[in-house]
Structure formats: C-alpha cells, structure tokens
Amino acid sequence: MANNYHVPVMLQPCIDGLNIKPDGVYVDVTFGGGGHSKEILKHLGPKGKLIAFDQDPDAQANIPADDRFIFIDQNFGFLKNNLRLKGFRQVDGILADLGVSSHQFDVPQRGFSIRHNADLDMRMDQHRDLTAAEILNTYTEDKLHKIFGIYGEVKNAKSLARAIVTSRLEQPFTDIDSLKSAIASYIPKGKENKYLAQVFQALRIEVNAEIQVLEDFLQQAAEVLKPGGHLVVMSYHSLEDRPVKNFMAKGKFQGEVEKDFFGNQQKPFNVITRKAIVATDEEIAQNNRARSAKLRIAEKI
C-alpha cells in the first residue's frame, strides 16, 4: 500500500466543517503530516493564525514556513494552558484527527505496526516512561484482562492475559515477535491480522492514555472555543467516537444532559452532524485509512 502519511483523511469535509474565516484563529491539535494544516492555511488571510499541536518529534519535519503558523510541541490534552502561553484565550475553530498517523505505522522502530519486528514501545511522546513492554511485563493479570477487553474488544481477553502472565515468568517481553509467539495459540485462525490489531490497539491506548487525553481535550475545547466556533473531530474506532458523540450532544461523557432550574439544557455545543460523516468509496479506494473514519462537527453555543 502507498504511504498515506501526507494524505489527510476527509480533507474537504474537515475544512468545510471548520467554517474558516480569513482573519480567524484555528487549531489543528493533531498536526502529523501537516496535510490538514496546509489546507487550513490556504483559507486564511494575512491576519489569520493557525496553531498546531503534536507531541511526536517526527512531525516537526513537516512544519511549513509560514508566519501565520505556530507549532506547539505538546500533547493536545494540554490545549488550554498552551494556547494561553501563546497569548490565545479563545479560538474560532479546532480540528482533531485522532488515532495513529500512517507515518507512525510505517516507521518499524516505533513498535506500532504488527508487520515488523521492533521493540515493544508504542509511545507517541518519546518522553513518556510507560512502554508496551512495561505493561506486558508488569501489569497484573486482572489489569491486562481489562485493557484487552475494554480497549481492544478482544474476545478471549481473560485467557490472553493469563497467557502473557505465564509466558513472562520464563522470559520478559522485549519485542513484537516475542509477543506474537507467546500468544500464537490464542489467535483465531484466519483472523490473525484483525486479532493482533486489536491487541496492539489496546496496548497503544494504555501506553498513551488516549481516552483520558481525549476527554481532557474535549472539555478544554469547550472552554477555549468562541461562541459560534466549530469543533471538528475525526475518530477511527468506537472507543474514540463514543466520548466525542456524547460530549458534543450532552456536554458530558455519560448520562443525560443536565438542565437548569427552568429546564433549559446545560451543554456547550449544538451538534451540526446528526450522523457521523464517513469517507466516500472513492476516497477509501485511494486511502485505506479513511475506511473506518467518522467525522463529527459541533458549534459552540
């Protein structure tokens, strides 16, 4: 498959969703290959600003030479504080393209891909201490069971966790091949790739605290967006899409919308996309990563 690192998913729907004003201030919290950012810059006038976040050092090679562009080398879970440090209290639009960039999958030594042997790393931010190897070698059987069951939706999560705990007694996990061989007998025949992808997803989400970071980001996005500003979020699996959908609709991750004394709904957004936008068949044929993408848009009240 072609390297899709610089091919942004659902580019036009994202740009349309941001409703860009030439003099506005916009944030791309997942800069990655820079595809979405470069397109946003095309729609900004001389006074417009684009602030981009990315914790991955490799993303910095894609920074455009543009005076209107500000790069922040941080996780988007620290959105609000970093914007304030740069002098921005409110912005006109925020874009988040969640999940792992194609580049991270394509660089074997990062440990994200099931296709190559590499260290069990999976850190998006190389300054983090927790790696996939440490999870596999130190987490209790019960904790591993929960991670694989909840974050990976692995059917035999309990027996998988037991197999890992048993295997590490003989020798610790160090690389991807050592994990594959230890769990080989638990992988359903004919579904090897899907199963390993679920296991890797679970480990990656735990290593990078992805669900907690996403929830922190959504709450901060509601605070920093101006009234009428748009939040555009693209997710790639139900674990990401669910909190996005709930927060946009209700202002919270679980339960019903809160109401004030007079029965008025207390929520930060109006949902623009009643149903998630998905990629066209044509785009999926050209960029496989678009296959599972769901795009949701909301407007700050």
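These legends accompany several close-up views of a predicted model.

**View 1. Helix α6 crosses helix α7 obliquely.**
Helix α6 covers residues 141–151 and helix α7 covers residues 157–170. Their axes come within 8 Å and cross at roughly 135°, which makes α6 oblique to α7. The crossing of α6 past α7 is right-handed. To find the contact, look on the α6 side for E141, L144, H145, F148 and G149. Facing them in α7 are A157, K158, L160, A161, R162, I164, V165 and R168.

**View 2. Helix α6 also meets helix α9.**
Here the partner is α9, residues 192–207, and its axis comes within 8 Å of the α6 axis. The two cross at roughly 110°, so α6 is roughly perpendicular to α9. From α6, the contact draws on K143, I147, F148 and Y151. From α9, it draws on V199, Q201, A202, L203, I205 and E206. You may recognise F148 from the previous view, where this residue of α6 meets α7.

**View 3. E134 sits in helix α5.**
Helix α5 runs over residues 132–138, and E134 within it is partly exposed, at a relative accessible area of 37%. Leaving aside residues up to four places away in sequence, E134 touches D129 and Y139. It is also worth picking out P172: this residue and E134 are 38 residues apart in sequence, with 9.3 Å between their C-alpha atoms.

**View 4. Two side chains lie over aromatic faces.**
Y139, the residue touched by E134, has K143 over the face of its ring. K143 is 4.2 Å from that ring centre, and K143 also takes part in the contact between α6 and α9. A second example pairs R289 with Y236. There, R289 lies over the ring face at 4.6 Å from the centre.

**View 5. F31 and F71 form an edge-to-face aromatic pair.**
The structure holds 6 aromatic pairs, and this view shows one of them, with ring centres 5.7 Å apart and 75° between the planes. The pair links distant parts of the chain, as F31 and F71 are 40 residues apart. F31 belongs to the loop between β1 (25–28) and α2 (35–43), while F71 belongs to strand β3 (residues 69–72). Are these rings buried or exposed? F31 counts as buried because its relative accessibility is 3%, under the 20% cut-off. F71 is buried too, with a relative accessible area of 17%. Ring pairs join F31, F69 and F71 into a cluster.

**View 6. F261 and F262 pair edge-to-face.**
In this pair the centres are 5.3 Å apart and the planes make an angle of 85°. F261 is exposed at 78% relative accessible area, and F262 counts as exposed at 68%.

**View 7. M10 and E153 have positive phi angles.**
Most residues other than glycine have a negative phi, so these backbones deserve a look. M10 has a phi of about 45° and lies in the segment before α1 (11–18). With a relative accessible area of 1%, M10 is buried. E153 has a phi of about 50° and is found in the loop between α6 and α7. At 38% relative accessibility, E153 counts as partly exposed.

Technical notes. Residues are numbered from 1 along each chain as its sequence is written. This is a predicted model: local features need pLDDT of at least 70, side-chain atom pairs count only at pLDDT 80 or more; totals for chains, interfaces and linings use all residues. Side-chain values use heavy atoms; hydrogens and water are left out. Helices (H or I, at least four residues) and strands (E, at least two) are DSSP runs, numbered from the N terminus. Buried means under 20% relative accessible area, exposed over 50%, partly exposed in between (1.4 Å probe, protein chains only). Contact means heavy atoms within 4.5 Å. Rings of Phe, Tyr and Trp (its six-membered ring) pair if their centres lie within 6.5 Å; planes under 30 degrees apart count as stacked, over 60 as edge-to-face and the rest as tilted. A charge sits over a ring if NZ of Lys or CZ of Arg is within 6 Å of the ring centre and within 35 degrees of the ring normal. Axes are lines fitted to C-alpha atoms, for helices over the stretch in contact, and angles run from 0 to 180 degrees between N-to-C directions. Angles under 35 degrees count as roughly parallel, over 145 as roughly antiparallel, 65 to 115 as roughly perpendicular and the rest as oblique. A crossing is left-handed if the near helix is turned anticlockwise from the far one by less than a right angle, and right-handed if clockwise.
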